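Me: I would like to go through some of the labels used for this model and see how each one follows from its definition.

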Amino acid sequence: MDIKKVFQLIIMAAVMMAVTSCNDGKKQKLSDALLLRDVTLIDGNGGQPQEHADILLQGDTIAAIGKNLDSSNITVIDLTGKTVLPALISDHVHIGSLKGTTNKAENYTRDNILSQLKKYQDYGVLTIFVAGSDRPYLFESSIRDSSATGLFPGARIHTAGYGFGVPAGAPPINFAMDNVYRPTDVKQISAEMDSLQQTKPEVVKIWVDDFGGQFKKMNPAIYKAVVDEAHKRSLRVMAHAYYLSDARQLVADGVDIIGHSIRDSIIDDALVQQIKAKDIVYIPTLSLDEFAYIYDRRPEWINDPFFKASLEPGVYEMITSEKYQTDLKNSPAYARNIHAFETALKNLKKLYDAGVLIALGTDSGAMPLRAQGFSEHLELELMVQAGLTPLQAITVATKNAAQVLKIDNKFGTVEKGKTADLLIVDGNPANNIKDTRKIVSVYKAGKEVSKGPLK
């Protein structure tokens with residue numbers, strides 16, 4: 001064979017190797033791509049659902065959204081008849097100390113935290129904000145950092161660290177709240193805020209009200225000093241409040257987030273406008289108020305497997321017992337709790353209609369009655385009961401909740417370039433909000449991590 005032919009063969013071989021390498025590279029490039037075909041898409045922005053949409057996932061990211069997207073060399077999942085919406089975000093929860101029918105410090109372990117984060121994940125809640133009840137273990141271990149980067153399984157943790165409460169008052173110490181700061185003098189607060197900063201809190205939590213007359217309220221001078229010291233450090237403040245009078249003072253003193261509904265009275269128009277003008281966030285936690293009285297009425301979901309799967313062991317037996325239900329109805333607080341819930345519904349609608357930023361939060365995990373995961377879906381239903389449309393409620397639970405945590409550049413909506421945190425359900429929640437409970441699949445950062453709590 002002459003030298004010219006040898007060179008030709010070498011060149012041909014090199015070209016073939018290059019082509020093969022390119023093809024292999026193309027296959028490698030597409031190996032982490034996934035096409036969700038023919039979905040109804042509720043993107044979280046509040047607009048009408050997109051019918052027959054395709055969603056292309058590339059790694060952990062939403063790469064494209066459209067109709068009849070090219071599926072060459074891509075794994076395709078046919079989701080005809082299914083709805084895709086953003087994974088839920090809950091801006092007021094508690095984790096770790098709840099176990100069985102108790103809230104105790106000794107419950108706060110890696111295994112218990114992991115179990116509860118996975119539970120939220122099973123219910124399509126992939127981001128949570130823990131409102132002031134975390135314990136040193138979270139910050140001494142790698143859990144918080146690993147969760148933030150998505151390396152720790154389950155819902156991602158955001159935290160307020162340790163909140164500020166009242167000496168011998170709220171929040172109750174016997175609910176594993178022994179790490180809460182409880183200043184008796186405004187002079188203590190600067191140093192306590194410095195201490196809190198070591199946990200890198202995203203918001204500062206304060207407990208202001210008296211828990212139905214059980215405790216002394218927080219001194220307004222104390223919470224004003226907490227707000228001032230937090231703002232000096234560029235930290236926002238979330239207040240646990242109940243009374244309209246306290247809300248007025250908190251708004252005047254610069255609170256950033258009202259972490260529960262105002263429940264004793266209808267909010268007046270002047271205060272509504274102040275809340276709006278100051279860009280104060282309102283988190284209604286309606287499910288908390290319904291849980292306070294509803295079990296004696298045996299609600300239609302009491303035997304629903306979707307609800308029961310969210311409960312800690314022993315809680316179902318407790319809440320369905322004749323003694324529990326009798327004691328609940330005979331409680332001096334029973335009528336007050338019903339009034340609180342009904343007032344909360346009206347205040348939510350009034351504030352929403354005024355353009356106040358509303359975000360999802362439930363206080364789930366604070367006590368056994370407030371079921372983690374299920375509470376978030378019940379909250380959606382109750383927001384609709386209050387007068388929001390299903391699409392408005394979904395935006396509250398996704399886009400708005402992400403905005404409050406300042407993560408809306410990556411989370412909260414289904415859009416090109418956002419992280420692929422998705423909830424896939426049967427039916428269409430835009431028509432029936434309860435369809436969010438028909439979970440088919442949950443995707444975290446582009447990977448399927450659950451088929452729901454019942455599978």
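Me: What makes the contact between Arg156 and Asp421 a salt bridge?
Reply: This is a predicted model, in which local features need pLDDT of at least 70 and side-chain atom pairs count only at pLDDT 80 or more, while totals for chains, interfaces and linings use all residues. Residues are numbered from 1 along each chain as its sequence is written, and side-chain values use heavy atoms, with hydrogens and water left out. A salt bridge requires a side-chain nitrogen of Lys or Arg within 4 Å of a carboxyl oxygen of Asp or Glu, and the side chains of Arg156 and Asp421 meet with N to O at 2.4 Å, so the pair satisfies that definition.

Me: Which parts of the chain does the pair of Arg156 and Asp421 tie together?
Reply: Arg156 lies in strand β10 and Asp421 in the loop between α15 (390–404) and β15, so the pair ties together parts that are 265 residues apart in sequence; strands (E, at least two residues) and helices (H or I, at least four) are DSSP runs, numbered from the N terminus.

Me: Why is Arg156 called buried?
Reply: Buried means under 20% relative accessible area, exposed over 50%, and partly exposed in between (1.4 Å probe, protein chains only); Arg156 has 7% relative accessibility and therefore counts as buried. Asp421 is buried as well, with a relative accessible area of 8%.

Me: Why is Asp194 called partly exposed, when its partner Arg233 is buried?
Reply: Asp194 has 38% relative accessibility and so counts as partly exposed, whereas Arg233 is buried at 17%. Their closest N and O atoms are 2.8 Å apart in a salt bridge.
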